[in-house]
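Colleague: I have this model open next to its sequence. Please take a close look at the salt bridges for me, and then follow the chain outwards from there.

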Amino acid sequence: QVQVVESGGGLVQPGGSLRLSCAASGSIGNIYDMGWYRQAPGKQRELVAAITMVGIRNYADSVKGRFTISRDNVKKTVVLQMNSLKPEDTAVYYCNVYAGSSYSRRLSYWGQGTQVTVSS
């Protein structure tokens, strides 16, 4: 069984920072891409940032220069450092992990989500 658990959400004022963490555990095999998605009320879930096994990063245009994604392959964790937060960053943030016995057999696993609210 695979578990993906996020932590670190909360309420922050505009311009502030938050750090989201995600840990994968269980019979997960190899971890390939790891990423963060978010879903605001009434909107579709969207990619925020992703990082490959070898550290290639991809960011949504709306967060470039403000958010940084990093991972620890040994600890099976991924972190999203969010700076200069804006009210439009308010959403439920989900961790996503692609893992499996091989790349062709990788499956997508999701965390339960953590709320980020940016408000004064």
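**Salt bridges and their surroundings**

Modeller: Let's start with Asp-61 and Lys-64, which are both exposed. On that scale, exposed is over 50% relative accessible area, buried is under 20%, and partly exposed is in between, using a 1.4 Å probe and protein chains only. Asp-61 and Lys-64 form a salt bridge through their side chains, at 3.1 Å from N to O. The term salt bridge here requires a side-chain nitrogen of Lys or Arg within 4 Å of a carboxyl oxygen of Asp or Glu.

Before going further, a word on the ground rules. This is a predicted model, where local features need pLDDT of at least 70 and side-chain atom pairs count only at pLDDT 80 or more, while totals for chains, interfaces and linings use all residues. Residues are numbered from 1 along each chain as its sequence is written, and side-chain values use heavy atoms, leaving out hydrogens and water.

Back to the charges. The rule gives 4 salt bridges. Side chains of opposite charge can pair when their charged atoms come close. Arg-66 and Asp-89 are one such pair here, with their side chains meeting at 2.8 Å, N to O. Arg-66 sits in the loop between S6 and S7 and Asp-89 in the loop between S8 and S9, so this salt bridge ties together parts that are 23 residues apart in sequence. The strand labels are DSSP E runs of at least two residues, numbered from the N terminus. Arg-66 is buried at 10% relative accessible area, and Asp-89 is buried at 1%.

Next comes Arg-38, which has a salt bridge to Glu-46 with the closest N and O atoms 2.7 Å apart. Arg-38 is buried, at 6% relative accessible area, whereas Glu-46 is partly exposed at 36%. If you want to see how these fit together, Arg-38, Glu-46, Arg-66 and Asp-89 are linked in a network of salt bridges.

From the loops that hold Arg-66 and Asp-89, step onto the strands. S7 and S8 pair in the antiparallel sense over 6 bridges; strands count as paired if DSSP finds at least two bridges between them. Phe-67 stands opposite Met-82 of S8. S7 and S8 make a hairpin with 4 residues between them, and Lys-76 is in that turn, with a positive phi near 60 degrees although it is not a glycine. Lys-76 is partly exposed, at 29% relative accessible area. Most residues other than glycine have a negative phi, and most peptide bonds are trans. Ser-84, in the loop between S8 and S9, also has a positive phi, near 50 degrees. Ser-84 is partly exposed, with a relative accessible area of 41%.

On to S3, which is joined to S8 by 6 bridges and runs antiparallel to S8. Cys-22 faces Val-78 of S8 across that pairing. Cys-22 also forms a disulfide with Cys-95, S to S 2.0 Å; the cut-off for calling a disulfide is a pair of cysteine sulfur atoms within 2.5 Å. This disulfide links distant parts of the chain, with Cys-22 in S3 and Cys-95 in S9, 73 residues apart. The link is left-handed, at -80 degrees about the S-S bond. Cys-22 and Cys-95 are both buried, and the disulfide count is 1.

Now look at the packing. The largest nonpolar core has 30 residues, and those with the most contacts inside it are Trp-36, Leu-80, Met-82, Tyr-93 and Val-97. Among the elements giving two or more residues to this core are S3, S7, S8 and S9, and the largest share, 5 residues, comes from S9. A nonpolar core means buried Ala, Val, Leu, Ile, Met, Phe, Trp, Tyr and Cys residues joined through side-chain atoms within 4.5 Å. So Met-82 turns up twice: opposite Phe-67 in the strand pairing, and among the residues with the most contacts inside the core.

One last stop, on the surface. Met-53, Val-54 and Ile-56 make a nonpolar patch of about 310 Å². Patch residues have over 30% relative accessible area and no salt bridge, with like charges joined within 9 Å and nonpolar side chains (Val, Leu, Ile, Met, Phe, Trp, Tyr) within 5 Å. The areas come from the Shrake-Rupley method with a 1.4 Å probe; for residues, only the protein chains shown count as cover. Met-53 lies in the loop between S5 and S6, and is partly exposed at 38% relative accessible area.
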